[in-house]
Each structure stands twice: as C-alpha cells, then as structure tokens.
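Q: Please take a close look at one strand of this model and at the sheet it belongs to. I would like to follow the pairing from strand to strand.

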Amino acid sequence: MTFSSPVEKSFRLKASHYVWLALFVFVLFLPGRATLPPLDRDEARYMQATSQMIESHNYIDVRFQDKPRYLQPAGIYWLEAIAVKAAKATGMVKGKAAWAYRIPSLLAAVGSVLLTVWIGSILFDSYIGLLAGLFLAVSVLLTGEGRMATIDTNLLFAVLLAQSSLARAWMARLTTEKLSVSVAIIYWGAIGCGLMLKGPVMLIPTLLPPIILAWVKKDRSWWKHLHPKWGWILMLLIVIPWCAAIWVISDGKFFTDAVGTNLLSKVASGKESHGAPPGLYLGIFLITFWPGSLFTAWALPYIWRERKSESVCFLLCWIIPHWIVFELVKTKLPHYVLPTYPAIAILTSMALWNISKTWDGPTSRWGRWLLHIYMVLWVAVGLLLAVGGIIYAYYMTGTWFWAAMLGAAAALILIGYAVVCILKYNMQRASLVSIGAAIVIYLELFVILIPGLSSEWLSGKIAETVNLLKPCENSIVASASYSEPSLVFLVGKETKLINAEKTAQFLKDNQSCGLGLVDQRDEKKFMQSIDNEGLTVKEIGRIHGLNYSNGKQLSLGLFEVIQ
C-alpha cells in the first residue's frame, strides 16, 4: 500500500465559481419547501412561535400559544420573522405558508456548503474543498435539516464562519502573512450570533478546537491573529442586550429554564425519550452522512497516517472533542454532531485526492472483510432511500408513483456502478457517481413523492375541513385526541389541546362557534361528558389519517353543538 503526499495548493476557485456553486446548491435544496407541510414536532413549534412573535410584535419573549418557550435565545425566531415579513412584503405569501419560515435554513444550507469549500481550499486545495462541499450538500442529515425551519442549519453556518477564521489563523502560523482584523471580527461575531441561536452549545465547536490545538501543538502564537483581548467583547455585545431584556421580562426564568432545565437535563438524562448510550452517532453515521460515509470509512487509514500534518490536525481537533462531548451527553439527536460533518467531508475528500488511484485497498483479510461488509450496508441504505419513499407513498395513497420508480431505478443503477468502481478501487469516480445517485434520490423524494403526499398530511386535512365547515369566522377548535403543534400552526394559536372531558366543557362555554375534534377511540368518553353537560352535538365532518409522530391511525370526528 502506497500513499502520495498531500496535494499542493495549485488551484483556487474564482468568485464566479462560487456563484455557480451557490446556484446549484440553492436549486438542490429548493424542492420540497413549499409542498412539505409543517413537521411535528419541533419545526411546527418554531413556526408557530415565530408567527405569534410577528402578530404580537414582541420580539423578546418567545411564546408557543400562551406558554413561554424558554429553550434557547431568540435568534432563530428573528431570522424566520424577517424572512416571513419579507415574503409577505413582496406579496408572495398569503396566510401561513410554511416555505417562508424555511428561508433562513435554505440560505444557511447554501452558505454552509460554500464555507466548507472555502475552508477546504484554505487547508488544502479547491478540488478537495469542492468535493467536500458536495459530500456535505448531499448528506442525508443536511438534506433533512436544511429543509426545516429549525436552528441547526443556521447554527452550522455560524460555526463554519467561525471555523473559516480559525483555519486562516492556523495556517497563517506557517507563513509571514498578517491577517486582516476582519478575520477576528468574523470569528467573534459568528460566535456571538451562534450564542443567540443556541446559547452555550456554540462554544463547543468554536472554542474547544483552539484549546485542543494549543495543547497538541504546544503553540498559541497563532491565536493573536484573532485578537482575543477585545474579540470577546464583540461577542458579548451581540448577546447582552437581548439577555438583559429577557432577564427583566422573565424575572430570570429564561435562564433557569434554558440552562438549568433544558441544557443541563439533556446532559444528565435522555430528555423527551431521546436517551441513548455512547456510540449512537458512530452507529448512525452510515446513514446520516450517506453517501459519503463509505468513503470516510475507506479513508480512515490515510487520515490516521496524516494526523500530525497541520491541516489534518486542525480538522481532527475540530471533530474529536465535539464528537466525544455529544457521545457522552445522555440526550442524543442526530443533528447534535452536524457541525463536525464539514470537517469530516474535507478529510474524506483529502484522502480521495491524495491516495493513488492504483491503491488496491486494505492489505489485511479483516480489513477487506470490514470494508465489504460496510459497503453492503451502504448499498442497503441507498436501496432504502431509493425505494422506501415509494413504498410509503403506496401505503398512504394506494397509488404507485411511476415517475418516482423511474428515478429509483436510475439511482440504483448509479449505486451499482459506484460499487463496481469501489471494487476496482477507483474511489474518486465512485464518490462522484454516488453523489449523483444521491441527487437523483432527493429529486425523486422532493419533486415527485412529497408533492404527491401533501394532501395526506393529517394537520392539513384537518385545517381544510375546519375552514370549510366552521360556523363562525373566529371559530376555535378543541382537540381531544390530536395534539401536534402543526395543528396549532395551521388552525390557529387559540386551538385547545385538551382531553375529552375538557373538550365537552369547552363546547358548553362556546356553543355558537366552538368545534370539538375527537378520535373514535375517545368518542365514548367525549359523549358521556357531553351528556353530563346537558348538550347535544352533531358530527359535521370526519378526517382519517396517520399521525406519523406516534404511528397511530386516527379517525377524527369534528363536532359542533346543536342549538
């Protein structure tokens, strides 16, 4: 087995190349935004809280219905509010359009890919950066997160802004280059913005790497490029105004809830049934970084061999501390390690460009077997992504989507060709082919299948039925059996998420305009409560569907009081 030396910095992308790349990534992430309904549970909560922020003009105290949402700072809600108001100002939005709330994540996804390319170019070469950006763009995790109106893609963008400055400062130690003060401003400003998105979590991927680098290399001289004597003041200037305002408004409750109840409880226990032992992120990496995961596994020997080189050491000190911290945290969600994926993508791309095309793979029998087993699992994930959506769509609608089946066939052909290239150890070609397969799969999912399923989403069906049958313009729905946040977003913030008995009481108090939404399994209890209240109700509509959050099939009756 032979390795070539790291590539020389011989090629740099021009500004026009970045523009074309941004356009490509924008188009790649665009499908599905308008047709994908508000997703339960987190995304719908963010959307509804933002909607209430816009309606109330209260941009400090974030709320979901009448309850404070003291989980993280207000940054994400501000970004979404700006996007929604801008879309409404152009006349593109009427009512509650989910896609408008997803604009910040779209732009952050595009920016994150561009920054990955840029950091790869700083550390190695633009060819390496470009391939790394493509790996990140088509990864399953970013493909999903980048389409949702949540924090994590925006946080990734802030992390990468900071890391771009760190990378420049780190590589400047090898030259006599004097960096502009703007590098430090970007670094500390990005940390401040990240703190406004997710609080102290932002410090893990941005302050841990330089600490570890200084310890590993016994060198802190490069840190001066980032002007830490005044940089932290800039960071605090971004955060303190809102922190002071929310402290006054909430009487300090925000900090006890966000830090004490939310953050520390996630460290100590598996919050909201998301607990898992250490090793989960490594176990699901095959899926979350697909299709790049196989090439990362293949590249590990070379990455380990080059671990002492300046650029590889920088990336490892970015990945390893962050990964270890979140493997040890009791609560685990896939997106917690997303900030490490750009660094993983760059390392993988570096190995692909540096190792000779004639490399004949692992030399040991065990190495070959492990690689082949991982490849079989990798193919299985591709098969599931390609055909799983088609099967689910048939289950939901009873219809085969033939255009999607053609897309799946094309994707499977590309995956098969990638396997052939891998068996011939032409890993560069295999990586490009697998990226193409991923693009075809995502087009199949977001252009064909999701629009075809849009009418089957339960909250949307309920909202359509309520708007059609409600007795008053300001009718309020009390839901006894279905309590997903997307229902609140689509039907209205006054929607009551209560039990059967309280639904009957609500109808008694709102006989003219109130509506009750009750699943058939709760109807007996509901009717008993109605009789106890001395009321008579009639069913004016029925909605059938799947609550995908818990996997339950529901048959929801919409009831009103007979006057």
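A: In strand β7, Phe-559 is the bridge partner of Gly-516. This is a predicted model, and the description below should be read in that light. Gly-516 lies in strand β5, residues 515–519, which pairs with β7 in the antiparallel sense over 4 bridges.

On another strand, Gly-541 has Leu-558 of β7 as its bridge partner. Gly-541 belongs to β6, residues 537–547, and the pairing of β6 with β7 is antiparallel too, over 10 bridges. Strands of a sheet pair through backbone hydrogen bonds, in either a parallel or an antiparallel way. β6 and β7 form a hairpin with 4 residues between the strands, and Gly-551 in this hairpin has a positive phi near 75 degrees.

How buried is β7 itself? Of its 10 residues, 552–561, 8 are buried, so the strand is largely enclosed by the rest of the structure. Buried here means under 20% relative accessible area.

Now the sheet as a whole. It is an open sheet of 5 strands, in the order β4-β3-β5-β7-β6, with mixed pairing. The edges are held by β4 (496–497) and β6; each has a single partner strand, so one side of each is left without a neighbour in the sheet.

The parallel part of the pairing can be seen at β3, residues 477–479, which pairs with β5 in the parallel sense over 3 bridges. There, Ser-479 stands opposite Leu-517 of β5. β5 therefore pairs with β3 in the parallel sense and with β7 in the antiparallel sense. In a regular strand, side chains alternate between the two faces of the sheet.

A helix also belongs to this picture. Helix α22, residues 500–509, lies across β3, β4, β5, β6 and β7, and runs at about 160 degrees to β5.

For a view of helix packing in this model, take α6 (residues 126–138) and α19 (residues 427–453). Their axes come within 10 Å and cross at roughly 30 degrees. An angle under 35 degrees counts as roughly parallel, which makes α6 roughly parallel to α19. The crossing of α6 past α19 is left-handed. On the α6 side the contact includes Leu-131 and Phe-135, and on the α19 side it includes Ile-435 and Tyr-442. The residues of this contact divide into 9 nonpolar, 1 polar and no charged.

Terms used: Residues are numbered from 1 along each chain as its sequence is written. This is a predicted model: local features need pLDDT of at least 70, side-chain atom pairs count only at pLDDT 80 or more; totals for chains, interfaces and linings use all residues. Side-chain values use heavy atoms; hydrogens and water are left out. Buried means under 20% relative accessible area, exposed over 50%, partly exposed in between (1.4 Å probe, protein chains only). Helices (H or I, at least four residues) and strands (E, at least two) are DSSP runs, numbered from the N terminus. Two strands pair if DSSP finds at least two bridges between them. Contact means heavy atoms within 4.5 Å. Axes are lines fitted to C-alpha atoms, for helices over the stretch in contact, and angles run from 0 to 180 degrees between N-to-C directions. Angles under 35 degrees count as roughly parallel, over 145 as roughly antiparallel, 65 to 115 as roughly perpendicular and the rest as oblique. A crossing is left-handed if the near helix is turned anticlockwise from the far one by less than a right angle, and right-handed if clockwise. Ala, Val, Leu, Ile, Met, Phe, Trp, Tyr, Cys and Pro count as nonpolar, Asp, Glu, Lys and Arg as charged, and the others, Gly among them, as polar.
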